[in-house]
Amino acid sequence: VENVGFGNNTAAFCNGIPSCQGFNSDGNLKSNVSAPTSSIGKCLYTSINTICPPVPGFTAYPDADHPGDNTFPFNIKSGFNASSAATFCEAFPGCAGFSSLGTLKMAANPTTTLAGACLYQRNSP
């Protein structure tokens, strides 16, 4: 989003911007924190309120994932797009859902808590 500097007010500033999902220790606000990368000496602070964009035909679960049952990874290097992921899932028979971490799921239950992630379970027809 933008760099506001890192300090006592950075979290409050981020909370005031609907698209802000977090910020790093350099003061850079982030609009997507679903696939963080390692950076020595830096910290990523994620917003408590994970917002999962709605997708027709799927139920979104914020701060959740289903470990395992990954069938096919998809590219999220340029950011996660829930609509594209849903289209990708719908093209594969047996796809039960997908994760904002970049994987299709053959099963989407049970779920575990994973801050900042969104799990999308395919609705029954």
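# Exercises on a predicted model

F23 is buried in this predicted model, its relative accessible area being 9%. The exercises below start from this residue and work outwards to the whole chain.

**Exercise 1. Determine how the rings of F23 and Y45 are arranged, and where in the chain the two residues lie.**

Step 1. A pair of aromatic rings is described by the distance of the centres and the angle of the planes. A search of the whole structure finds 6 aromatic pairs. For F23 and Y45 the centres are 5.1 Å apart and the planes stand at 20°.

Step 2. Centres within 6.5 Å make a pair, and planes under 30 degrees apart count as stacked, so F23 and Y45 form a stacked pair.

Step 3. The pair joins distant parts of the chain, since F23 belongs to strand β1 (residues 22-24) and Y45 to strand β3 (residues 44-46), with their positions 22 residues apart.

Step 4. Burial is under 20% relative accessible area, and exposure is over 50%. At 9%, F23 is therefore buried, whereas Y45, at 34%, counts as partly exposed.

Step 5. Ring pairs also bring in F6, so that F6, F23 and Y45 are linked into a cluster.

**Exercise 2. Work out the strand order of the open sheet that contains β1 and β3, and name its edge strands.**

Step 1. The open sheet has 3 strands in the order β2-β1-β3, and their pairing is antiparallel.

Step 2. The edge strands are β2 (29-30) and β3, each of which pairs on one side only.

Step 3. Between β1 and β3 the antiparallel pairing runs over 3 bridges, and G22 stands opposite T46 in β3.

**Exercise 3. Decide whether T10 is buried or exposed, and list which residues T10 touches beyond four places in sequence.**

Step 1. T10 lies in helix α1 (residues 10-15).

Step 2. The relative accessible area of T10 is 3%, which is under the 20% cut-off, and T10 is therefore buried.

Step 3. When residues up to four places away in sequence are not counted, T10 touches V4, G5, F23 and L29; F23 is also the ring that stacks with Y45.

**Exercise 4. Describe the pair F58 and F98, and then place both residues in the largest nonpolar core.**

Step 1. The ring centres of F58 and F98 are 5.2 Å apart with 65° between the planes, and the pair is edge-to-face.

Step 2. F58 in strand β4 (residues 58-65) and F98 in strand β6 (residues 97-99) are 40 residues apart, and their pair links distant parts of the chain. Both residues are buried.

Step 3. The largest nonpolar core has 13 residues, and those touching the most other members are V55, F58, F80, C89, F98 and Y120.

Step 4. Helix α2 (82-90) and strand β8 (112-122) each supply at least two residues of this core, and α2 gives the most, with 4 residues. In soluble globular proteins, nonpolar side chains tend to be buried together.

**Exercise 5. Establish how the radius of gyration of the protein agrees with that of a compact globule, and summarise the overall build.**

Step 1. For 125 residues, a compact globule would have a radius of gyration near 14 Å; the protein has 15 Å, which agrees.

Step 2. The C-alpha trace spans about 50 × 30 × 25 Å along the principal axes.

Step 3. The protein has 2 helices and 8 strands, which follow one another along the sequence in the pattern α-β-β-β-β-β-α-β-β-β.

Step 4. Of the 125 residues, 33% are buried, and among contacts with a separation of 6 or more, 54% come from residues 24 or more positions apart.

Technical notes:
Residues numbered from 1 in each chain as written. Predicted model: local features only at pLDDT ≥ 70, side-chain atom pairs only at ≥ 80, totals over all residues. Heavy atoms only, no water. Phe/Tyr/Trp six-rings, centres within 6.5 Å; stacked < 30°, edge-to-face > 60°. Buried < 20%, exposed > 50% of the residue type's maximum accessible area, 1.4 Å probe, protein only. Pairing = 2+ DSSP bridges. Core = buried A, V, L, I, M, F, W, Y, C linked by side-chain atoms within 4.5 Å. Rg over C-alpha atoms; globule rule 2.2 N^0.38 Å. Contact = heavy atoms within 4.5 Å.
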